[in-house]
Amino acid sequence: MESGCSGKSSMENCESVISGFTDVSRDSCKKIFIDIMQERGLKLQKKTLKNIKIQREQRDKVEKEAPADVLAREWFSQDKASVDTRTYLLDQLMPTVVHGVQSLLMELEKKKVLEDDSVKFDPVNYLGEFLMRQNPEFISGTEKSAYIRGLEQVVADLKDNVFDLEFNRLGQLKEELKETQDNRVQVEGIQSQVMEKRKGALSLQFQEWTLDVSGRIPLALVQSALKSFFEVISQYASDHKPVYNKELVTADTMEHRLQEEEFIEYIYPFISHLSTDLFQEFLHHMAQCADMFRETIRHDIWRQKFSDLFIACDSGKVGFLDRQRVLSLMEKFYDITSSEAETWQPRNPRQWPIIELGEMDPADFWAEFQEGDNPPEDKVENPTTTVSVIASSSLPGGEGQKEAQSEDLGEGAEHRDEDKRDHQAEDSSSRVAHLIEGKPWSGDLLTSDLAIRYSSYGDRSEEECRDAASKFIDLRTIISDINTRGPSRIPSAFNDCALNLPQFVQLMETFVGEVAPLAAVEELTSFIQREYVETEEERIALLAKVRHDTLLARQKLVLQALFEKWDNDGSGFLELEEIEVVLAKYKEGMESEVVTKGRESLSSSRSQRGSRKLSVTEFIRYILSLIHQLPGPEEEVYENMVEFLTISVERTQAEKLRGASRRKWLQHIQLVAETSGGRFEPVYRAVFQALYKDAEAHGNNKKISASIALLEQSSVRERWNEVLRYVACTSEDAIYLLNKTLTRDMKGVSFAAVDSGTPQHVPRIQYHGNIHLWNTERSEEEKKGSLIVLPLMDVQQRVFGTLSIDTLRELRDRNIFLTHEIHFYQGVTNAFSTAYHHVQRQRNLVQLVSSALAWIYSRAPNIRAINTYLMEPCGDKAQGYVFRNMMHTDNSTGVSEIYSSPATLRRRDNLFRDYLFKCADSSEVITTDAYGERHIAVPIRDPSGRALGVLDLNTGHCRDLPAHEYQDLQKMLQMLQSACYEILEEEPSRDIQKKIVLEAEQGPGQRRVGVLFHRFMLQDLRQCVSKLDHQSFAELKSYKDPPVMVHSILKAVLLLFCPAWAESEEIHSWNQCKLKVNTDLIRKILSFDPTAQSVQLNPEILAKYIKGIPRGTVWKQGSIPAEHLYNWAFTCLSLMELSQKMQNTQSPSLVSLPAPNQM
């Protein structure tokens, strides 16, 4: 054995030596070959250089001995007409012909042909023979005569100096190159002049901005202006490409500032390529931004004073003031200023938007007539805007010019110095004019992030969270996690009784208006501070309330953390019996009687209806009810109960890690839904990612497939049946499952899960016999695996779909689902249900807003456009949220465009549209100017009062809407908000069950959302009509010959109840029509359903009488009955058209079925 080893090693050594020798030999040969080739190359190079030198010396010697014949210069001429011919002759023919003629002459002299006529000699034949023998293509190296060499010089001179030669490509290239160079120099000169002009215009533009004391402006403002210009001008770009060639990255803070030169050098690369027209638009836009910034600084001074006022009035530092008391003081101040008849007056605090629409008298919306209309006021352009336009017109590309790059600016140079002196004079005057309240701007915007900086003012939740985490050590990690993922505290919830700091500041700013002098603002703040007085009892009661609310919030936070500790696998529920078994041991069973009575607190929940499972909300309510019933101090009982329940459940470290990762995956599903922009696809993807990750990490790395099916109502043989349509699945099953429907008469356990409301687990598919396999090509071996079908349930415990998971792709035998996996899958269904309904609510909101805007379309033509924004969580917690532009409505056409990929608006990128963020922060209405146009920002609130989104209404240059348009807008917003509350309400309480008013609402949810706004409007108008009496109708009946408008309104109303009159003469007879105006008509109006199938009137007939009446004409008539009847008939027509449209576009609709009691 040993010898064998040594022999083998010797052989290996020999082979290595031979290999090394071969490598060395190869390298040596290669080196020798290279050296030889280099030597040969050097010798050849020296030889070639030597021959060239000899030839040059011989040529120089010949030139010295026999210079070129000067007679050849006679051929040189600048005549372009014959240059081609002469060049051809001299280059191709003359050298040979001259040589032949010389030989011919010599032969003549030799034979003395000229002296003796008897000598026979044919010169033509001789010359031809000579030329044939001396063909230059076959004979070379002959010595050239002096004349020939002269001809060659002439040819070279012609090629160098005369370029109109067809075959002179080199000359043409030289000419083109010279022309290109000249053009480039000319263009560069023009571009340089254009650059100087544009930089001069930017220098003027810089002077229009309000500078700080050091003569600088924040970079973030400049970036926001650039970004907003791109958004404004993108609609004019036909190719839909970005306007800027350079990427625009916005700064995070206002600290970085620019001087004039830095301002010019920063902006110029972005706008250097813009056409003249676009550059003029850019200057105009920048001037508008400068004006807006100046107003922002003025309002910042006011807002700082209002902030100080709030802090001074909030003596208890509880974080809010009494809203009704503040409104009362505003009314008092308004009455004082109105009586003094000053030039400035604040807004009326008894009207919207100071007070809420719900706080106004309903009669004010429809019947508060005024004489005439308030005509729209054309907003006068600011002088700064005019200056910018004048400055831009001095640039290349003004009147009569197309593009700056193609203009000749040579003659305008003498005017530039004069313009510069004028601009310097304007600069000095603008610096004085841009003082804010007589003082230069300090450079700080103290309230630009007011809602962010004061989001925690008076809020003790952070302290309570830290205190709770320190008391309950075992729950510390979960408490911190819950507190981190909670909703942003920046947006404030509206409360009709209280105002926090951002809401108070915004309300005060709305009250003073936009043109208030600083002295009036100071007078108002002094008045409020002097008059706002709280008694000691009120202060103590307020502090007690704040303390109680904070304590309750802390208790709920801790109990939520306790729930998640118990629900380690994230199923979303706990078994009630399991909790009761543990609680029975509390204090060694001494409080078992209280525990037994604990179910009474769940009387309104599903637990009393037979369910043994508690959600987190029900768990918190259950434990708090027990704490209230147990003897002893409540805080002590609470702590003891939490400690007991915490130590009653023990988790291993592996279980804790598994629970933490699963909670993170479930939370990701919800976060994706909140940031999806109203799309379902990201939610489906997040669900499958969570399932994949869990199978890999906690499911023994098994291969799974998953699918999501939603319940639909589909017409089958004229019967309505529920079917399951597969809307999403993992990629492997897409070709078999996607968009397929499963009916009840097909195999499968999915409908068993739907009907029972419980998961259906099939451990062995191949032995079940009632499983529908969509892939019919599977072999028997591929049918081995497990299947689980889980019902998808909403908050009202109605099943709306299924989640199916199988292991058919797993080849191992142990591929069944364990208990902890099934619990996690139930958590996934809960998370998906929450996420799905969040996205569906967003889509419903957009649809609801669209129907509301369709109603206002023909009634308020001065509203130019409306943008609908919805809020989403922001990745940067400090910023709180972002906006997604979900829909744009052009009110001139009534067309709404719902975006499939909504654009995102961030706070830091939109400093000149901060009114949107102020509206969401305070949940209050804001009226302001932006980019030279009037905007009204209205929040869309959830039932808690927080803003979900913002409606941005653009009225253009109309600063004040006419009275009837303004009140129609208020009514539309009021009904829209009421409809939003109804579709956002989630608690399954009998008191807030959906009340079906119209027949069209009896269909699926999407149909109901489509008519919900108009249903609220119809109900409101019914209340208005119900207040009409005989005296109200006396005015209508008093007409002998009524206005055409009044008669048309009455025709439309009567045709709804008497459709047979449509083709009769009665409808055109006023006497016949007014006989129908009585209490019976009111009764019919109050019960009429325009969407009922029994309605026989064609909407087109009704539209003939209603749609031709201008809304303003009805208002000017000043008749309350005509006003109410017109609005009621108009709303009925809208509902009839909607109902007809839904019937014509009928398609399968999503449904949900109530689950049976879970026992």
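This passage describes the salt bridges, the internal cavities, a nonpolar surface patch and one long-range contact in a predicted model.

Salt bridges were examined at the level of the whole structure and then as individual pairs. The structure holds 51 salt bridges. One of them joins the side chains of lysine 199 and glutamate 265, with an N to O distance of 3.1 Å. Lysine 199 belongs to helix α5 (residues 169-208) and glutamate 265 to helix α7 (residues 260-271), so this pair ties together parts that lie 66 residues apart in sequence. The two partners were assigned to separate accessibility classes. Lysine 199 has a relative accessible area of 16% and is therefore buried, since the buried class covers values under 20%. Glutamate 265, with a relative accessibility of 47%, counts as partly exposed.

A second pair is found within a single helix. The side chains of arginine 298 and glutamate 295 form a salt bridge with an N to O distance of 2.6 Å. Both residues are in helix α8 (residues 276-313), and because they are 3 residues apart there, about one helical turn separates them. Arginine 298 is buried, at 16% relative accessibility, whereas glutamate 295 is partly exposed, with a relative accessible area of 34%.

A further salt bridge involves the side chains of glutamate 531 and arginine 530, for which the N to O distance is 3.9 Å. This value falls within the 4 Å cut-off, so the pair qualifies as a salt bridge. Glutamate 531 is partly exposed, with a relative accessibility of 30%. Arginine 530 has a relative accessible area of 55% and is accordingly exposed, as values over 50% define that class. Salt bridges also link several residues into a network, which comprises Arg347, Glu514, Asp929, Arg934 and Arg959.

The interior of the model was analysed for enclosed space. The count comes to 3 cavities of 30 Å³ or more, and the largest cavity has a volume of about 350 Å³. This largest cavity is lined by 25 residues, of which Leu737, His772, Leu773, Trp774 and Asp806 are the closest to its centre. Two or more lining residues are contributed by each of the strands β7 (705-716), β11 (787-793) and β12 (798-806), and by helix α25 (734-737). By residue class, the lining of the largest cavity divides into 14 nonpolar, 7 polar and 4 charged residues.

On the surface, Tyr88, Leu93, Val97, Val101 and Leu105 make a nonpolar patch of about 410 Å². One member of this group, valine 97, is located in helix α2 (residues 83-111). Valine 97 has a relative accessible area of 31% and is thus partly exposed. This value also satisfies the patch criterion, because patch residues are required to have over 30% relative accessible area.

A contact between distant parts of the chain was identified at aspartate 909. This residue lies in the loop between β15 (895-905) and α28 (914-922). Aspartate 909 is buried, with a relative accessible area of 8%. Its C-alpha atom is separated by 6.5 Å from that of threonine 250, although aspartate 909 and threonine 250 are 659 residues apart along the chain.

Terms used. Residues are numbered from 1 along each chain as its sequence is written. This is a predicted model: local features need pLDDT of at least 70, side-chain atom pairs count only at pLDDT 80 or more; totals for chains, interfaces and linings use all residues. Side-chain values use heavy atoms; hydrogens and water are left out. Patches are made of residues with over 30% relative accessible area and no salt bridge: like charges are joined within 9 Å, nonpolar side chains (Val, Leu, Ile, Met, Phe, Trp, Tyr) within 5 Å. Accessible areas come from the Shrake-Rupley method with a 1.4 Å probe; for residues, only the protein chains shown count as cover. Helices (H or I, at least four residues) and strands (E, at least two) are DSSP runs, numbered from the N terminus. Buried means under 20% relative accessible area, exposed over 50%, partly exposed in between (1.4 Å probe, protein chains only). On a 1 Å grid over the protein atoms alone, a cavity is a set of points where a 1.4 Å probe fits but cannot get out, and a pocket is an open set with protein on both sides within 12 Å along at least five of seven lines; lining residues have an atom within 4 Å of a point. Grid points are joined across faces, edges and corners, and a volume is the space filled by probe spheres set on the points. Ala, Val, Leu, Ile, Met, Phe, Trp, Tyr, Cys and Pro count as nonpolar, Asp, Glu, Lys and Arg as charged, and the others, Gly among them, as polar.
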